[in-house]
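Work through the exercises below with the sequence and the model side by side, attempting each task before turning to its solution.

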Amino acid sequence: MTAMATDSETSVTRTGARSPNSWGLGDGQAIPWEYAPAPEAREIVTLKERYGLFIGGRDVAASDGSTFVSVDPSTEQPLAEVARATPADIDKAVRAARRAQRRAWGPLPGKERAKYLFRIARILQERSREFAVLESMDSGKPIKESRDVDVPLAAAHFWYYAGWADKLDYAFPGRVARPLGVAAQIIPWNFPLLMLAWKIAPALAAGNAVVLKPASTTPLSALLFADVCRQADLPPGVVNIVPGPGEVGMSLVMHPDVDKVAFTGSTEIGKKIQRGVAGTDKALTLELGGKAANIVFDDAPLDQAVEGIVNGIYFNQGEVCCAGSRLLAQESIVEPLIEKLKDRLSTIRVGDPLDKNTDVGAINSKSQLEKISELVQSGVDEGAEMYQPACDLPERGYFFRPTLFTNVAQSHRIAREEIFGPVLSVLTFRTPDEAVEKANNTAYGLSAGIWTEKGSRILNMASRMRAGVVWANTFNRFDPTAPFGGYKESGFGREGGMHGLHAYVRLEDR
Ligand code: NDP
């Protein structure tokens, strides 16, 4: 069954494809049914007109007074003005972090640090609705994802690492774990709060102080997190937040008093950062792009696989580094699989991120929308066959239809480049060996998916995947206890689990 929904307030009309079985009551009874608009209230969020930098526990203006505007990508309307950090502000933030780490946070016993982390986790849970709405407004992601995935997982990371703060001796038996000092952390716009939690929680648990630069299109949840730090009475300077452009990120990376750099974002910038820290003794972890293969064997339960494929590529508009953007389908089932997939695509609702019925929200920025459009056009030009379900997009905002390409060759750009949008490329294979060959035939190596009924095949395939995370009969599942990271051009180092803690300590002999 599919839906046709009209949202009169935002003049969004969404129509499912008119396949006979998509009309609720079956053939001959063409009664489409509608989803009533279910908008989440914006009132839970009190937006300030202007946000400062968060340095040394205080809200401060940029040293040169400059600001930039954060925009709601679903309406193209400005949300707030945000201070734009300068290299002088970065220096101030690093000094504040160094002071706090030396005097307050580093010497604090682990069980005391844990109390702060538990407190932060609890506050995130208490203010979860506020965070979810703000995150959807600033990033364009559907409220059901920020509400059910991003914010709960962010809190879960603080709970999890709070548990480790007083148990470092158990995490690294026989060794003494010392904090590295000041961590420079740069995060992207696709999971702003969650990436903040992935980075700040383990760093603080291990006794480091941090200076974090959020992406320019999504600074607001990080600045709301600054408020959580104040509410939790975190010693000033332990967490510093410095929104600003990429160059400011680079001056943070290059600051001589930074001990550790953690970056999540594009491979291109990851390489620049790696070059920047080369020759220094800064520790570095890079979590970069991906072009994951989602492999479906002919014995897989197809309906379940279709849900996994949809979740793999259309979750968060496909703006996910580990998205299952290449579907590898065994040749014998490719036709029924594509048919089911097209049918399922016709039920996906694209529109207002704050509507609780929305599956695919707004693309994060105009430039990302342009990048997706350009790559999709290259797919058409190179001869792949494009399918998009019939659905009207809102008149304003950065939206893109869920897209499926068949007849894709390995050489096509859409099969090789990270699109970071709701675009799936379908390739086929005959044998497990061919599937392995094609799956690994990429510069990336972040994640992969395997769909089959046979446990032995799962184990065999998983061991041959050159990917940091392999999901079996599921996709895009995250857990704070599980390490996450890549091979090859997807980066190095792990976040999450005990591995994530390891990235923030120096181990010494007892
Ligand atoms: P970037 O890698 O440019 O952005 C990620 C973060 O790095 C942002 O905070 C950004 O700041 C910052 N940054 C940008 N330039 C520098 C620099 N020279 N030194 C230090 N930090 C810097 O990603 P984009 O936003 O430009 O997205 C481009 C593509 O990257 C996407 O289309 C996608 O393919 C991929 N991507 C992958 C992500 C992942 O999770 N693996 C996440 C985001 C993007 P600012 O926002 O101010 O530019």
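## Exercise 1: The second largest pocket

About 480 Å³ of space lies in the second largest pocket of this predicted model. Identify which residues lie nearest the centre of this pocket, and explain where the pocket lies with respect to domain 1 and domain 2.

**Solution.** Begin with the lining, which consists of 19 residues, with K144, E145, V149, N311 and F315 lying nearest the centre. Next, assign the lining to secondary structure: the elements that give two or more residues are α4 (143-165) and α10 (302-314), and α4 supplies the largest share, namely five residues. Then sort the lining by class, which yields eight nonpolar, three polar and eight charged residues. Finally, consider the domains: because domain 1 (50-288 + 488-509) and domain 2 (293-472) both give residues to the lining, the second largest pocket lies between them.

## Exercise 2: The largest pocket

Describe the lining of the largest pocket, stating which element gives the most to it and how its residues divide by class.

**Solution.** The largest pocket has a volume of about 920 Å³. Its lining comprises 36 residues, and the closest to its centre are W189, F263, G265, S266 and I269. The elements that give two or more residues to this lining are α8 (246-254), β12 (260-264), α9 (267-277) and α12 (366-381). Among the contributors, α9 gives the most, with five residues. Sorting by class gives 15 nonpolar, 14 polar and seven charged residues. As a last step, turn to the domains: the lining of the largest pocket draws at least three residues from each of domain 1 (50-288 + 488-509) and domain 2 (293-472).

## Exercise 3: Domains and nonpolar cores

Establish how the protein is divided into domains, and then determine which residues have the most contacts inside the largest nonpolar core.

**Solution.** The division gives domain 1, which is made of residues 50-288 together with 488-509, and domain 2, which covers 293-472. The C-alpha centres of domain 1 and domain 2 lie 30 Å apart, and the contact takes 30 residues from domain 1 and 33 residues from domain 2.

Turning to the interior, recall that in soluble globular proteins nonpolar side chains tend to be buried together. Here the largest nonpolar core has 113 residues, and those with the most contacts inside it are F158, F225, V239 and V296. This core draws at least three residues from each of domain 1 and domain 2. To see the surroundings of one of these residues, take F225, which touches I120, L124, F131, F158, L196, I200, V239 and I241 when residues up to four places away in sequence are not counted. A second, separate core has 29 residues, including I295, A384, F405 and A467.

## Exercise 4: Enclosed space

State how many cavities of 30 Å³ or more are counted, and describe what lines the largest cavity.

**Solution.** The count comes to six cavities of 30 Å³ or more, and the largest cavity has a volume of about 80 Å³. It is lined by 16 residues, of which A439, T442, G445, S447 and A467 lie nearest its centre. The elements giving two or more residues to the lining of the largest cavity are α14 (432-440) and β19 (447-451). By class, the lining of this cavity divides into eight nonpolar, five polar and three charged residues.

## Exercise 5: Backbone and accessibility

For E76, Q317 and R103, decide whether each residue is buried, partly exposed or exposed, and place each in its element or loop.

**Solution.** Most residues other than glycine have a negative phi. Against that background, E76 has a phi near 65 degrees, a positive value in a residue other than glycine, and Q317 has a positive phi of about 60 degrees although it too is not a glycine. E76 lies in the loop between β6 (67-72) and β7 (77-83), whereas Q317 lies in the loop between α10 and β15 (326-330).

For accessibility, buried means under 20% relative accessible area and exposed means over 50%, with partly exposed in between. E76, with a relative accessible area of 30%, is therefore partly exposed, while Q317, at 0%, is buried. R103, in helix α1 (residues 87-105), has a relative accessibility of 65% and so counts as exposed. As a final distance check, the C-alpha atoms of R103 and F420 are separated by 42 Å, the two residues being 317 residues apart along the chain.

Note on methods. Residues are numbered from 1 along each chain as its sequence is written. This is a predicted model: local features need pLDDT of at least 70, side-chain atom pairs count only at pLDDT 80 or more; totals for chains, interfaces and linings use all residues. Side-chain values use heavy atoms; hydrogens and water are left out. On a 1 Å grid over the protein atoms alone, a cavity is a set of points where a 1.4 Å probe fits but cannot get out, and a pocket is an open set with protein on both sides within 12 Å along at least five of seven lines; lining residues have an atom within 4 Å of a point. Grid points are joined across faces, edges and corners, and a volume is the space filled by probe spheres set on the points. Helices (H or I, at least four residues) and strands (E, at least two) are DSSP runs, numbered from the N terminus. Ala, Val, Leu, Ile, Met, Phe, Trp, Tyr, Cys and Pro count as nonpolar, Asp, Glu, Lys and Arg as charged, and the others, Gly among them, as polar. Domain bounds come from an automatic or database domain assignment. A nonpolar core is a set of buried Ala, Val, Leu, Ile, Met, Phe, Trp, Tyr and Cys residues joined through side-chain atoms within 4.5 Å. Buried means under 20% relative accessible area, exposed over 50%, partly exposed in between (1.4 Å probe, protein chains only). Contact means heavy atoms within 4.5 Å.
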